[in-house]
Amino acid sequence: MRPAFLLLISLALAPSTAVAQKPSRQPSAFLDAGPELGARPADFSLPWATKDGPGGEQWFSLGVQRGKVVVLAFYPKDFTAGCTAEMRTFTERYNELFGEGVEVLGINADSLDTHVRFASSLGLPFKLLTDKDQAVSRRFSSAGENGYNRRTVYVIGKKGEVVYRELSFVALDPKSYDRLREAVQSARKQR
């Protein structure tokens, strides 16, 4: 067999150890891509919307968030069962999971109009970003098949470094939210 093919197979079979600092349940070669813990992700800018409407000309930029804790929640599609459950849980448990001074962002390829309707239907207290071509999602190892994101979550600390990542966030598993809460609380204590 060809060496490149053997490397790909060995990567696919090797367990991932970077997912939320625990092994992944589904080993895969692409799960180990994206910003590692301790890395400073490249800046990006994306259009956004809230329940009150689109953000207009002012795009969200990761680079200007230094000093804040930022939660990037990549998810497949607005108005689907799993995504609705995840975003509803974020909203219902917002103060417990995040609290003041934390910038929470949902990211997928849906349009701003769809984001406005989705955010309004759930009363979301945070921005939804549109990554239409999934360029940012690919950089965070979150772009999935058929133009839909995989459900992944990153926490960027006050110094702009990845302090937590879960590349297989499970919207219906309370333990996923517990790990996220602990990561955010730890990041909030950073100086």
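The following exercises, each with a worked solution, concern a predicted model of a single protein chain.

**Exercise 1. Overall composition**

Task: Determine how many helices and strands the chain has, and what share of the residues is buried.

Solution.
- Step 1. The secondary structure consists of 6 helices and 9 strands.
- Step 2. Of the 191 residues in the chain, 49% are buried.
- Step 3. The exposed surface amounts to about 9,700 Å², and carbon and sulfur atoms supply 53% of that area.
- Step 4. Among contacts with a separation of 6 or more, 65% are between residues 24 or more positions apart.

**Exercise 2. The sheet**

Task: Establish the order of the strands in the open sheet and identify the edge strands.

Solution.
- Step 1. The open sheet is formed by 7 strands, in the order β3-β2-β7-β6-β5-β8-β9.
- Step 2. At the edges are β3 (53-54) and β9, each of which pairs on one side only.
- Step 3. The pairing within the sheet is mixed. One antiparallel pair consists of β2 (residues 48-50) and β7 (residues 127-130), joined by 2 bridges.
- Step 4. Within this pair, Ala49 has Leu128 of β7 as its bridge partner.

**Exercise 3. Helix α6 and its surroundings**

Task: Describe the span of helix α6, the capping of its N-terminal end and the elements that cover its buried residues.

Solution.
- Step 1. Helix α6 comprises residues 174-188, which is 15 residues. The distance from its first C-alpha to its last is 21 Å, close to the expected 21 Å.
- Step 2. The N-terminal end of α6 is capped by Asp173, with a side-chain oxygen 3.0 Å from the backbone nitrogen of Lys175.
- Step 3. The buried residues of α6 are Ser176, Tyr177, Arg179, Leu180, Arg181, Ala183, Val184 and Ala187.
- Step 4. Their cover includes the strands β5 (69-74), β6 (102-108), β8 (152-156) and β9 (162-166), together with the helices α2 (81-92) and α3 (94-97).

**Exercise 4. Arg181 in helix α6**

Task: Decide whether Arg181 is buried or exposed, and state which residues it touches.

Solution.
- Step 1. Arg181 belongs to helix α6.
- Step 2. Its relative accessible area is 18%. Buried means under 20%, so Arg181 is classed as buried.
- Step 3. The Arg181 side chain makes a polar contact with the side chain of Asp178, at 3.2 Å.
- Step 4. Leaving aside residues up to four places away in sequence, Arg181 touches Arg93, Glu96 and Leu97.

**Exercise 5. Two aromatic pairs**

Task: Classify the pair Phe79 and Phe118 and the pair Phe140 and Tyr154 by ring geometry, and locate each ring in the chain.

Solution.
- Step 1. The whole structure contains 14 aromatic pairs.
- Step 2. For Phe79 and Phe118, the ring centres are 5.1 Å apart and the planes lie at 70°, so this pair is edge-to-face.
- Step 3. Phe79 is in the loop between β5 and α2, whereas Phe118 is in helix α4 (residues 112-122), so the pair ties together parts that are 39 residues apart in sequence.
- Step 4. Phe79 is partly exposed, at 42% relative accessibility, whereas Phe118 is buried, at 0%.
- Step 5. Phe140 and Tyr154 also form an edge-to-face pair, with 5.0 Å from centre to centre and 80° between the planes.
- Step 6. Phe140 lies in the loop between α5 (135-139) and β8, and Tyr154 in strand β8, 14 residues apart.
- Step 7. Phe140 is buried at 1% relative accessibility, and Tyr154 is buried at 0%.

**Exercise 6. Phe90 and the aromatic cluster**

Task: Identify the aromatic cluster that contains Phe90, and list the residues that Phe90 touches.

Solution.
- Step 1. Phe90 is part of helix α2 and is buried, with a relative accessible area of 0%.
- Step 2. One aromatic cluster is formed by Phe90, Tyr94, Phe98, Phe126, Phe169 and Tyr177.
- Step 3. Not counting residues up to four places away in sequence, Phe90 touches Ala73, Leu97, Phe98, Val104, Phe126, Phe169, Tyr177 and Leu180.
- Step 4. The C-alpha atoms of Phe90 and Leu124 are 8.3 Å apart, while the two residues are 34 residues apart in sequence.

**Exercise 7. Packing of helix α4**

Task: Name the buried residues of α4 and the elements against which they pack.

Solution.
- Step 1. The buried residues of α4 are Thr114, His115, Val116, Phe118, Ala119 and Leu122.
- Step 2. These residues pack against β2, β3, α2, β6 and β7.
- Step 3. After α4 comes Gly123, which has a positive phi near 65°.

Methods. Residues are numbered from 1 along each chain as its sequence is written. Side-chain values use heavy atoms; hydrogens and water are left out. Helices (H or I, at least four residues) and strands (E, at least two) are DSSP runs, numbered from the N terminus. Buried means under 20% relative accessible area, exposed over 50%, partly exposed in between (1.4 Å probe, protein chains only). Contact means heavy atoms within 4.5 Å. Accessible areas come from the Shrake-Rupley method with a 1.4 Å probe; for residues, only the protein chains shown count as cover. The expected span of a helix is 1.5 Å times one less than its number of residues. A polar contact is a pair of N or O atoms within 3.5 Å; within protein, one must be able to donate a hydrogen and the other to accept it, and residues adjacent in sequence count only if both atoms are side-chain atoms. Two strands pair if DSSP finds at least two bridges between them. Rings of Phe, Tyr and Trp (its six-membered ring) pair if their centres lie within 6.5 Å; planes under 30 degrees apart count as stacked, over 60 as edge-to-face and the rest as tilted.
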